Amino acid sequence: MDFAFIAMIYPIILFRPKDISIATRTTLIVLPLMALFAPRPGSTGFLVLGAGMFTYFTLRKSKLVCLSPLIILVGHYVNSWNLLHNIPGRTDQWELFTRWIFDNNFQTFGAGAGSLQILAPLIQNRTDELFVWMHNEPLQILFEQGSIGLALSLMLVVQCLKRSVNTPWLFAASIATLVCSLTQFPIRYFVGQVFVMLLIRVSL
């Protein structure tokens, strides 16, 4: 759990409407507090926060949209002027796992839910610094549920975005979560799962 998971919640924490239900409001207050137990100012967090702020202020046609590049610049500085330092190692693993999917004909139905944690050590052929999560939700869904599961997931995402585009705080939180899912794994943690379910519920 790191700053990326806190960052994807910020658009709702900062801009949620006053008429949101007490139960949802309470949950949204508790989730960041849980995430704060192990915060790390990683590069993904600043990209997620920047994307959420950019989306919200663009929809509101606010001049504060200029804060988004500043947030990313701060992230660049915090990460020793190398914001994407962890991407090369992840892309190598993405290529390895994707090649395994197609070599073993799992591209249609996938290898099964939870299979990555079991198969990852065998595929990577190593015991140190294992990737037991893909750090990319679309690719992990493809690995475990195949192209059918990925297509169904994308249909749900598109439907949620279409329904939320006229609600800036909700659309911004959805975009931030999508950005987070490209280099992290928000739906593999309980906190992230609850948050994503809330987004879907409010959107639909």
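Student: Where is Val 74 found?

Tutor: Val 74 sits in helix H5. Keep in mind that this is a predicted model.

Student: Is Val 74 buried, partly exposed or exposed?

Tutor: Read the relative accessible area against the cut-offs. Buried means under 20%, exposed means over 50%, and partly exposed lies in between. Val 74 has 39%, so it is partly exposed.

Student: Which surface patch includes Val 74?

Tutor: A nonpolar one. Its members are Leu 64, Leu 67, Leu 70, Leu 73 and Val 74. Together they have about 410 Å² of accessible area.

Student: What is the overall fold made of? How many helices and how many strands are there?

Tutor: Count the elements, then read their order. The protein has 10 helices and zero strands. From the N terminus on, the order is α-α-α-α-α-α-α-α-α-α.

Student: What share of the residues counts as buried?

Tutor: Of the 204 residues, 45% count as buried. For the outside, look at the total area: the protein exposes about 10900 Å². Carbon and sulfur atoms supply 67% of that area.

Student: What do the contacts say about sequence separation?

Tutor: Take the contacts with a separation of 6 or more. Residues 24 or more positions apart account for 71% of them.

Student: Show me a buried residue and its partners. Where is Ile 123, and what does it touch?

Tutor: Ile 123 lies in helix H7, residues 115-124. Its relative accessibility is 13%, so it counts as buried. Leave out residues up to four places away in sequence, and Ile 123 touches Leu 96, Phe 97, Trp 100 and Phe 143. Trp 100 is 23 residues from Ile 123 along the chain, yet their C-alpha atoms are separated by 7.6 Å.

Student: And Leu 139? Which helix holds it, and what does it touch?

Tutor: Leu 139 lies in helix H8. It is buried because its relative accessible area is 19%, and the cut-off is under 20%. Not counting residues up to four places away in sequence, Leu 139 touches Trp 94, Thr 98 and Met 134. Leu 182 is 43 residues away along the chain, with a C-alpha separation of 8.7 Å from Leu 139.

Student: Now backbone angles. What is the phi of Lys 61, and what is the phi of His 135?

Tutor: Check the sign, then the residue type. Lys 61 has a phi near 55 degrees, a positive value in a residue other than glycine. His 135 is not a glycine, and its phi is positive at about 60 degrees.

Student: Where do Lys 61 and His 135 sit?

Tutor: Lys 61 is in the loop between helix H4 (43-59) and helix H5 (67-78). His 135 is in the loop between H7 and helix H8 (137-164).

Student: Are these two loop residues buried or exposed?

Tutor: Lys 61 has 77% relative accessibility, so it counts as exposed. His 135 has a relative accessible area of 14%, so it is buried.

Student: How is empty space located, and what is the volume of the largest pocket?

Tutor: Rolling a probe the size of a water molecule over the atoms shows where empty space is left. Here the largest pocket has a volume of about 560 Å³.

Student: How many residues line the largest pocket, and which lie nearest its centre?

Tutor: The lining has 24 residues. Nearest the centre lie Ser 153, Val 157, Leu 178, Ile 187 and Val 196.

Student: Which helices supply the lining of the largest pocket?

Tutor: H8, helix H9 (168-183) and helix H10 (190-203) each supply at least two residues. H8 gives the most, with 12 residues.

Definitions and conventions:
Residues are numbered from 1 along each chain as its sequence is written. This is a predicted model: local features need pLDDT of at least 70, side-chain atom pairs count only at pLDDT 80 or more; totals for chains, interfaces and linings use all residues. Side-chain values use heavy atoms; hydrogens and water are left out. Helices (H or I, at least four residues) and strands (E, at least two) are DSSP runs, numbered from the N terminus. Buried means under 20% relative accessible area, exposed over 50%, partly exposed in between (1.4 Å probe, protein chains only). Contact means heavy atoms within 4.5 Å. Patches are made of residues with over 30% relative accessible area and no salt bridge: like charges are joined within 9 Å, nonpolar side chains (Val, Leu, Ile, Met, Phe, Trp, Tyr) within 5 Å. Accessible areas come from the Shrake-Rupley method with a 1.4 Å probe; for residues, only the protein chains shown count as cover. A salt bridge is a side-chain nitrogen of Lys or Arg within 4 Å of a carboxyl oxygen of Asp or Glu. On a 1 Å grid over the protein atoms alone, a cavity is a set of points where a 1.4 Å probe fits but cannot get out, and a pocket is an open set with protein on both sides within 12 Å along at least five of seven lines; lining residues have an atom within 4 Å of a point. Grid points are joined across faces, edges and corners, and a volume is the space filled by probe spheres set on the points.
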